Amino acid sequence: MANDVYVLGVYTTEFKKQPEKGFKELAREAYLGALADAQLEDGRDIDGAWFGNCLMHYWGQALTRGNVSFIPLVREGLFPDRAPIVNVEGGCATGSLALAGAAKEIRAGDAQLTLALGAEKLYDAEDPRRIFAHFSGGMDLLDPQEWEEEYRRVGSQVGVPFAPGPDRTIAMDTYAMQANYHMKAYGTTAEQIAVGAAKNHCNGALNPKAQYRFEMTPEQVLADRPVSAPLTRSMCAPMGDGAAAALLCSAEYLKSMPQRVRDRAIKLSALALSGGKYRRLDEPSLTRAAADRAYAQAGIGPRDIDVAEVHDATSFCEVYQSEMMRFCEIGEGGAFVGSGATKIGGELPINTSGGLVSKGHPIGATGLSMCYELVTQLRGEAGARQVDGAAIALQENGGGIIGMEEAVAAVVIYERTR
């Protein structure tokens, strides 16, 4: 029988443009922050770490990224000598994959205390757009003609020709095509997408760790600079730097901790992964498959979720993932988000952190920043953005691109047990 897994400590740095900080500094802050949150004096009990990153090669470190980032921590005796560090990459889902690796070690009985940490730097002060080209690494670069043909076909079908531009990553164009299909098939409107975007910017204004901390109205969102129709700049995640971490432990290890620590521990009830493919436009995505597996693992359904963080690299994603997580029926995501149901105080608050469009999206850290937000919510420690009575939370995080969906996705369910 698999061992239960608990989140013992969490931390996220601020997400913002931080040219003065390198990976070692970001990793140090996230690691020491998670230790402090778990009320551990040191990391001597850590059996191993899973380190998530996507683009460190851009900055000169192609391999053994986590091992290099932790050299100072090991040298100073802050991270245990000889503890293994496993490097993880899965596009924008990297943080959740690191979490999955750390959790599986405990479930298998191979470890009692593990660390998942993701770190990323996307802001190049010398040439902010130069890194854009590296985002295509999440797509098939061995046979690029396949997705080029697919996007031309889809563009023709939805009446919006595929025309990527130098002022954005190609992912924004794929999300725009998905949005245009949804609008054509189900009557979703740009105004409904803008309601979700504005809501998340208002949530981000309440989050001291968010990259953008200002409120917006739907009208302001719609009037912002166009990126790839129907998406405006305010509907798209910004470029920034940051790190986030989670310390996971077994039930046995948790029993050895003081009561004040046990009371703040959050159970990781389910963690399900799924893989992408070239799907039909009217076919549910890989995130639906991951969600169904997660609900089955946890023994609950979508109506049991009190708060959620979904991967809104663009604000259309909140519309779509509300459907894939079964929070509403397929085709009803626009009306669901547009009604205000996903606001704090609404039927099901989504992206209380501000989501990726406001909190920020340093891709290797994103999944673990979602973990931080949801654990904070379930502990009742989210301050002005707190969801009253939150006991069960869901996280959806996807990464890479295969056709009209991600290459890999994770859905995680957390539960407050005390």
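A salt bridge here is a side-chain nitrogen of Lys or Arg within 4 Å of a carboxyl oxygen of Asp or Glu. Keep that in mind as we walk through this structure, which is a predicted model. Lys121 and Asp241 fit the rule, their side chains meeting at 3.3 Å, N to O. Lys121 sits in strand β4 (residues 113–121) and Asp241 in strand β7 (residues 241–250), so this pair ties together parts that are 120 residues apart in sequence. Both ends are tucked away: Lys121 is buried at 5% relative accessibility, and Asp241 is buried at 0%. Lys121 has another partner too, since its charged end sits over the ring of Trp59, 5.7 Å from the ring centre.

In total, the count comes to 23 salt bridges. Another one to look at joins Arg28 and Glu76, at 2.6 Å from N to O. Arg28 belongs to helix α1 and Glu76 to the loop between α3 and β3, so the contact links parts that are 48 residues apart in sequence. Arg28 counts as partly exposed at 26% relative accessibility, and Glu76 is also partly exposed, at 48%. Then there's Asp42 with Arg44, whose closest N and O atoms are 2.8 Å apart. In that pair Asp42 is partly exposed at 24%, while Arg44 is exposed at 63%. For a network rather than a pair, go to Asp37, Arg264, Arg379 and Glu381, which are linked by salt bridges.

Now for the rings. The whole structure holds 10 aromatic pairs, one of them being Tyr31 with Phe79, edge-to-face at 5.7 Å centre to centre and 70° between the planes. Tyr31 lies in helix α1 (residues 23–37) and Phe79 in the loop between α3 (71–75) and β3 (85–88), so here again parts 48 residues apart in sequence are tied together. Both residues are buried, and they form one aromatic cluster with Phe51 and Phe70. Over at Tyr11, the ring has the charged end of Lys209 sitting over it, 4.3 Å from its centre.

Last stop: the largest pocket, with a volume of about 1100 Å³. Its lining takes in 47 residues, and those nearest the centre are Phe132, Phe135, Thr169, Ala237 and Met239. Which helix gives the largest share of the lining? That's α6, with six residues. α6 (170–186) and β10 (392–399) each supply at least two lining residues. By type, the lining divides into 22 nonpolar, 14 polar and 11 charged residues.

Terms used. Residues numbered from 1 in each chain as written. Predicted model: local features only at pLDDT ≥ 70, side-chain atom pairs only at ≥ 80, totals over all residues. Heavy atoms only, no water. Phe/Tyr/Trp six-rings, centres within 6.5 Å; stacked < 30°, edge-to-face > 60°. Helix = DSSP H or I, 4+ residues; strand = E, 2+ residues; numbered from the N terminus. Buried < 20%, exposed > 50% of the residue type's maximum accessible area, 1.4 Å probe, protein only. Lys NZ or Arg CZ within 6 Å of the ring centre and 35° of its normal. 1 Å grid on protein atoms, 1.4 Å probe; cavity = no way out; pocket = protein on both sides within 12 Å on 5 of 7 lines; lining within 4 Å. Points joined across faces, edges and corners; volume = space filled by probe spheres on them. Nonpolar A, V, L, I, M, F, W, Y, C, P; charged D, E, K, R; others polar.
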